[in-house]
Amino acid sequence: MTTKDHQELLGIFFFVQAALQAFGGILVVLIYGGMGIFALTNTRRHDDQLFGGILIGVAVFAALIVAVFAFIDFMAGWRLTKGKSGGRTWGIVASIISLLGFPLGT
């Protein structure tokens with residue numbers, strides 16, 4: 001395999017990781033957001049409604065974090081597969097961020 005083949009394969013791996021992160025993020029947002037909306041609409045006590053609002057806030061925060069991580073992986077994959085400049089740098093940054101997801105993210 002040539003260097004270009006290796007870069008394309010690594011780019012595909014980054015695309016797969018970005019897709020898995022986005023899928024997991026969507027699931028988290030749906031679960032936490034759904035529980036928050038359920039707590040807001042179906043409870044009468046103020047404490048339960050406050051808890052629902054907190055769950056919705058957690059869902060929004062998680063969505064933003066996952067979107068940033070998935071974007072970094074997507075950019076690394078796109079730049080590596082297209083042979084663009086900076087692809088190696090994006091790949092290194094995405095790999096370092098993947099270390100946060102030990103042991104599954106590595």
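Select Tyr-32 first; its place is in helix α1. The model on your screen is a predicted one. Tyr-32 has a relative accessible area of 34%, so the residue counts as partly exposed.

**The nonpolar patch**

Keep Tyr-32 selected and add Phe-23, Leu-27, Val-28, Ile-31, Met-35, Leu-50, Ile-54 and Val-58. Together with Tyr-32 these residues form a nonpolar patch on the surface, and their accessible area adds up to about 790 Å². Which helices supply at least two residues each of the patch? They are α1, which runs 3-42, and α2, which runs 46-82. The largest share comes from α1, with six residues. Why can Tyr-32 be part of such a patch? Patches are made of residues with over 30% relative accessible area and no salt bridge, and Tyr-32 stands at 34%.

**The two helices side by side**

Now select residues 3-42 for α1 and 46-82 for α2, and give each helix its own colour. The axes of α1 and α2 come within 8 Å and cross at roughly 170 degrees. Are the two helices roughly parallel or roughly antiparallel? An angle over 145 degrees counts as roughly antiparallel, and α1 and α2 are therefore roughly antiparallel to each other. Sorted by class, the contact of α1 with α2 has 25 nonpolar, twelve polar and four charged residues.

For a pair of points to look at, pick Ala-22 and Ala-67. In sequence they are 45 residues apart, but in space their C-alpha atoms are 6.9 Å apart. Ala-22 is found in helix α1. With a relative accessibility of 31%, Ala-22 counts as partly exposed.

**The salt bridges**

How many salt bridges does the structure hold? There are two.

For one of them, select Lys-4 and Glu-8 and show their side chains. The side chains meet in a salt bridge, with 3.4 Å from N to O. Lys-4 and Glu-8 are four residues apart in helix α1, so about one helical turn separates them. Both ends can be checked on the surface: Lys-4 is partly exposed at a relative accessible area of 47%, and Glu-8 is partly exposed at 30%.

Next select Arg-45 and Asp-48, whose side chains also meet in a salt bridge, here with 4.0 Å from N to O. Is Arg-45 buried or exposed? Arg-45 is exposed, with a relative accessible area of 53%. Its partner Asp-48 has 28% relative accessibility and counts as partly exposed.

**Towards α3**

Move on to Gly-83, which lies in the loop between α2 and α3 (87-98). Gly-83 counts as exposed, at 51% relative accessibility. The cut-off for this word is over 50%. Add Ile-12 to the selection: Gly-83 and Ile-12 are 71 residues apart in sequence and 13 Å apart in space, taken from C-alpha to C-alpha.

The last stop is Ala-76, in helix α2. Where Gly-83 is exposed, Ala-76 counts as buried, with 0% relative accessibility. Select Ile-92 as well and show the distance between the two C-alpha atoms, which is 8.4 Å. Along the sequence, Ala-76 and Ile-92 are 16 residues apart.

Key. Residues are numbered from 1 along each chain as its sequence is written. This is a predicted model: local features need pLDDT of at least 70, side-chain atom pairs count only at pLDDT 80 or more; totals for chains, interfaces and linings use all residues. Side-chain values use heavy atoms; hydrogens and water are left out. Patches are made of residues with over 30% relative accessible area and no salt bridge: like charges are joined within 9 Å, nonpolar side chains (Val, Leu, Ile, Met, Phe, Trp, Tyr) within 5 Å. Accessible areas come from the Shrake-Rupley method with a 1.4 Å probe; for residues, only the protein chains shown count as cover. Buried means under 20% relative accessible area, exposed over 50%, partly exposed in between (1.4 Å probe, protein chains only). Axes are lines fitted to C-alpha atoms, for helices over the stretch in contact, and angles run from 0 to 180 degrees between N-to-C directions. Angles under 35 degrees count as roughly parallel, over 145 as roughly antiparallel, 65 to 115 as roughly perpendicular and the rest as oblique. Ala, Val, Leu, Ile, Met, Phe, Trp, Tyr, Cys and Pro count as nonpolar, Asp, Glu, Lys and Arg as charged, and the others, Gly among them, as polar.
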